[in-house]
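Welcome! Here is a short, friendly tour of a protein model, arranged by topic so that you can follow along in the viewer.

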Amino acid sequence: MFGFFQRQGQAVFATFARLGRASFFLWHSLIGIFSLIKRPLLLIQQLHYVGVRSLSIILVSGLFVGMVLGLQGYTILVNFGVTESLGVMVSLTLVRELGPVLTAILFAGRAGSALAAEIGLMKSTEQLSAMEMMAVNPLHRIIAPRLLAGIISVPLLTLIFNAVGFLGGHVVVVSLLGVDVGSYWGTADSVDFYNDVMNGIIKSMVFGFVVTWIAVFEGYDTAPTAEGVSRATTRTVVNGALATLGLDFILTALMFS
Amino acid sequence: MKPANSEQLVEIKDLCFYRGERAIFDHINMSIPRGKITAIMGPSGTGKTTLLRLIGGQIIPEQGEVWVDGEHIGELSHKGLYQLRKRMGILFQSGALLTDLNVFDNVAFPLREHSDLPDALIKTLVHMKLQSVGLRGAVKLMPSELSGGMARRVALARAIALDPMILLYDEPFTGQDPISFGVLARLIRSLNDALQLTSVIVSHDVQETCEIADYLYIIANGKVVGQGTPEELYQSDSPWVQQFLKAKPDGPVPFHYPAPDYAEDLI
Ligand SMILES: Nc1ncnc2c1ncn2[C@@H]1O[C@H](COP(=O)(O)OP(=O)(O)OP(=O)(O)O)[C@@H](O)[C@H]1O
Ligand SMILES: [Mg+2]
């Protein structure tokens, strides 16, 4: 009985200790971002690894999600004879929810896991230690450019996801099902729509920040063994996806209520 | 800060360090003279690597003080510690090369991080350092294409890139064949004398280490069990020292990690 409470207590304590480490880690990495002004090359390199290399999965996923939305939407709306609202439906679904959320989850799986594994391996092969001994702060040199690259990439990838998704919808709705082009595209000029776009961008900025933070922290905080690295990558994807979905609910409640 | 001691570069005073319940160091005192090669020997798992990390300030002892060139490691600010580390070179047991950079960029890494030297000069310096470890031909290789011994030598070239005042070697001789051992031993000696470095070698290769060290410490069970010049130690009648130098299985130095009674574990 006592053992049970002791274990729970230890687990709670460990969680708080980890949160503390994560905040300390974040603070110093954010400071490191300022030192990137003098070395933009480090950032550009990471933008390539983190952002550009995620492009293909984002393009393909966005296209299919848009096509499915168009198809599903058509089968529902055709019963009510309002297929001219398909454009609104597809664009709002993408911009408000699916774009930011799916991009963040795909990003956690594609780039987040790679970041966690890379940093975890650098730790377990003493590369981070060696850097510290060479008077180079790994939080500034290694973590900061990756964190910033993630923060920049995710909103941009989200915009691309949305655009491609809308085109995917066009392919199905206009080209295959023969809905009028004008009604599909003629939705984007309401004031509300621009609000929605802004809200979607804010969401994706929050998701990008949190998912990348989780990835680099899991890598940095891993136990320096093969098992530790594999656990870090798994946790990055699982925690990244859960954090995205949880935050999405909170942000949606704040934005649309 | 206190005035830098002109004779001793590193001083370790009454140091205690624990891993869990186990005392890795139990009130040890050591001093490492300037300009000399000091070797620290001890059986595997006694805490030799830990000692180097304590000198480099990567871990801070529970009790006792580590002084390097007049600075108290435990009380330095982050900035002060980093300033001090720029003057320290450390050769890790595994080499610890940065795996995403090739040999050239690895050796150039500290130069690029800490100086604004033009590329042409960096190139010259890197080639000089690599030449001195015999690996100038390997500039374009990636760390994954090097053998363990080669990786260690590249790491040595990197460690001397900034012309440090002290070089800490963690097991430099393991993984070296007799030829590169000879070259390496002479290199450590000539680096030490030509650049007026202070070298600390951590090792359990008795023969090799005795050949080049000016002064030796032997640690076991968290204590310094013997010290002196190699000649003095060979003359010493301390059973610890004799057992270690002559590699005898029986004696006060235990081969086993502390464990409960063997018979008890079996039943
Ligand atoms: N991170 C750690 N957590 C707990 N114990 C550790 C840790 N690192 C080292 N130890 C313990 O500290 C002791 C000393 O380790 P250290 O690596 O300094 O030994 P060493 O003398 O360098 O051995 P070797 O000659 O095999 O390299 C070991 O017995 C090990 O069990
Ligand atoms: Mg060791």
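## A guided look at the model

Please keep in mind that this is a predicted model. The tour begins with a magnesium ion, which is ligand 2, and then moves to ligand 1, which is surrounded by 14 residues. After that come two backbone angles, the cysteines and a glycine in a helix.

**The magnesium ion**

- Which protein atoms serve as donors of the magnesium ion (ligand 2)? They are OG1 of B:T49 and OE1 of B:Q93, and they lie 1.9 to 2.5 Å from the ion.
- These two donors bring together distant parts of the chain, since they are 44 residues apart. B:T49 sits in helix α1 of chain B (residues 48-55), while B:Q93 belongs to the loop between β6 (88-91) and α3 (103-114) of chain B.
- B:T49 has a relative accessibility of 26%, so it counts as partly exposed, because that category runs between 20% and 50%.
- B:Q93 is also described as partly exposed, with a relative accessible area of 38%.

**Ligand 1 and its surroundings**

- Among the 14 residues around ligand 1, the closest are B:R22, B:S44, B:K48, B:T49 and B:T50. You have met B:T49 already, as a donor of the magnesium ion.
- Some side chains place a polar atom beside ligand 1. For B:T50, such an atom lies 2.5 Å from an oxygen atom of the ligand, and for B:K48 the distance to an oxygen atom is 2.7 Å.
- B:R19 has a nitrogen atom of ligand 1 as its partner: a polar side-chain atom of B:R19 lies 3.4 Å from that nitrogen.
- How much of ligand 1 does the protein cover? On its own the ligand has 640 Å² of accessible area, and the protein covers 63% of it.
- In chain B, the elements giving two or more residues to this shell are β2 (22-33) and α1. Helix α1(B) gives the most, with three residues.
- By residue type, the shell holds eight polar, four charged and two nonpolar residues.

**Two positive phi angles**

- A:A135 is a residue other than glycine with a positive phi, near 60 degrees. Look for A:A135 in the loop between α5 (127-133) and α6 (138-176) of chain A.
- Is A:A135 buried or exposed? Its relative accessibility is 7%, so A:A135 counts as buried, because the cut-off for buried is under 20%.
- B:D163, again a residue other than glycine, has a positive phi near 50 degrees. B:D163 is found in the loop between α5 (148-159) and β7 (166-170) of chain B.
- With a relative accessibility of 47%, B:D163 counts as partly exposed.

**Cysteines**

- A disulfide is a covalent bond that joins the sulfur atoms of two cysteines.
- How many disulfides are there over all chains? The count comes to zero when a pair of cysteine sulfur atoms has to lie within 2.5 Å.
- B:C16 is buried, at a relative accessible area of 0%. B:C210 is buried too, with a value of 11%.

**A glycine in a helix**

- A:G246 is part of helix α9 of chain A, which covers residues 226-256.
- A:G246 has a relative accessibility of 34% and counts as partly exposed.
- Between A:G246 and A:W213 there are 16 Å in space, C-alpha to C-alpha, and the two are 33 residues apart in sequence.

Notes. Residues numbered from 1 in each chain as written. Chains lettered and ligands numbered in written order. Predicted model: local features only at pLDDT ≥ 70, side-chain atom pairs only at ≥ 80, totals over all residues. Heavy atoms only, no water. Donors = N, O, S within 2.8 Å, 3.2 Å for Na, K, Ca; no water. Helix = DSSP H or I, 4+ residues; strand = E, 2+ residues; numbered from the N terminus. Buried < 20%, exposed > 50% of the residue type's maximum accessible area, 1.4 Å probe, protein only. Near = heavy atom within 4 Å. Polar contact = N/O pair within 3.5 Å; in protein donor to acceptor, adjacent residues only side chain to side chain. Areas by Shrake-Rupley, 256 points an atom, 1.4 Å probe, with all protein chains shown as cover. Nonpolar A, V, L, I, M, F, W, Y, C, P; charged D, E, K, R; others polar.
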